[in-house]
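This report describes how pairs of helices pack against each other in one model.

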Amino acid sequence: MCETWLDIYHHSLSSISEFRNIDQLGEKKRRGRNMEGVEHRTVRVNGINMHVAEKGQGPVVLLIHGFPELWYSWRHQIQSLASLGYRAVAPDLRGFGDTDAPADASSYTCLHVVGDLIALLDTVAGDQKKVFVVGHDWGALIAWYLCLFRPDLVKALVNLSVQYFPRNPQGKVLESMKAAYGDDYYVCRFQEPGEIEAEFAQIGTARVIREFLTYRHPGPLFLPKGKGFGHSSDSPIALPSWLSEADVNYYVSKFEKKGFTGGINYYRNIDRNWELLAPWTGAQVKVPVKFIVGDQDLVYNSLGAKDYIHNGEFKKYVPFLEEVVIMEGVAHFINQEKGDEISKHIHDFIKKFK
């Protein structure tokens with residue numbers, strides 16, 4: 001008996017649904033452990049499609065990741081906050097994971113990314129006029145800017161690893177970095193479009209992810225041209241106890257698909273951000289803040305950060321800085337390395353404002 005076009009149409013839909021279910025099952029396996037109950041959706045924000053992971057009911061906690069990371073970097077905090085009566089919301093930022101990656105490098109300024117998050121909050125926060133914000137690495141910088149631009153949207157901020165950098169009107173940021181550390185400093189190496197991506201392609205995505213996530217040197221990161229991370233790409237990298245093969249595989253699966261360019265474009269806008277931030281020269285971040293950093297963190301041990309944090313200048317620009325926590329023996333990827341402790345630090349602070 002011949003099939004009608006309607007039979008064929010329904011059969012096609014069934015096949016598509018079956019393939020989607022298979023794909024979703026594979027996705028769950030790639031995500032690794034502790035991801036039960038996390039909801040995923042795509043939200044249209046600021047002209048792009050943004051992937052967001054969510055769990056829980058209650059006051060919204062916006063979790064903003066860094067480089068080379070994803071929403072998945074908050075896997076421990078998502079579970080913990082949801083169990084404590086909060087709605088954890090962790091997007092892939094523009095250029096990362098399952099969120100769109102605009103081709104133009106100039107589309108990755110702090111204004112673009114903060115604009116994305118404000119639009120996201122319009123969707124996920126419902127009638128909540130203010131939310132809690134937690135950031136790490138580039139996510140911390142974006143969180144500082146969100147609080148600087150729109151303090152009316154933020155109840156309180158917990159930021160990890162990267163302190164607030166006040167704008168220096170005397171000179172651009174990259175000039176200062178190059179003067180301090182030279183052309184091999186990783187931020188400087190990230191500037192030429194396509195160059196570092198070609199090197200990463202030679203090293204391999206899996207190796208690049210492992211190199212970054214296991215980096216523990218308490219000082220600036222250098223990537224000499226053609227020398228990768230400074231040692232043989234054949235030498236084994238042992239994973240620490242807080243990072244599983246399943247975790248690494250999930251990151252690799254997403255960066256293999258998306259590439260590193262989107263994330264690296266954030267670095268390519270450092271000087272453009274300096275120009276755009278001129279109206280906020282001398283401005284303070286006026287929301288309640290808790291800041292946490294590991295004493296082995298490369299950021300804490302670079303560019304005078306340690307002195308700035310402890311000599312009163314940090315507090316000068318962040319007047320409602322209530323706590324500074326230095327975690328001994330902890331490196332840069334603090335929310336993954338000390339997942340339970342960071343979750344507790346976050347909750348202990350934000351519960352005061354619930």
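Helices α8 and α9 are oblique to each other, because their angle of about 125° falls outside the ranges for roughly parallel (under 35 degrees), roughly antiparallel (over 145) and roughly perpendicular (65 to 115). The model is predicted: local features need pLDDT of at least 70 and side-chain atom pairs pLDDT 80 or more, while totals for chains, interfaces and linings use all residues. Residues are numbered from 1 along each chain as its sequence is written, and side-chain values use heavy atoms, without hydrogens and water.

Helices (H or I, at least four residues) are DSSP runs numbered from the N terminus. Axes are lines fitted to C-alpha atoms over the stretch in contact, with angles from 0 to 180 degrees between N-to-C directions.

| Helix pair | Residues | Angle | Axis distance |
|---|---|---|---|
| α8 and α9 | 205-213 and 245-258 | about 125° | 9 Å |
| α2 and α15 | 75-83 and 339-350 | about 45° | 9 Å |

The angle in the second row makes α2 oblique to α15. The crossing of α2 and α15 is right-handed (the near helix is turned clockwise from the far one by less than a right angle). α8 also passes α9 in a right-handed crossing.

In α8, the residues T205, A206, I209, R210 and L213 contact (heavy atoms within 4.5 Å) E245, V248, Y251, V252, F255 and E256 of α9. This contact has seven nonpolar residues, one polar and three charged; Asp, Glu, Lys and Arg count as charged, Ala, Val, Leu, Ile, Met, Phe, Trp, Tyr, Cys and Pro as nonpolar, and the others as polar.

From α2, H76, Q77, S80 and L81 meet G339, I342, S343, I346 and I350 in α15. Here four residues are nonpolar, five polar and none charged.

How values were computed: Helix = DSSP H or I, 4+ residues; strand = E, 2+ residues; numbered from the N terminus.
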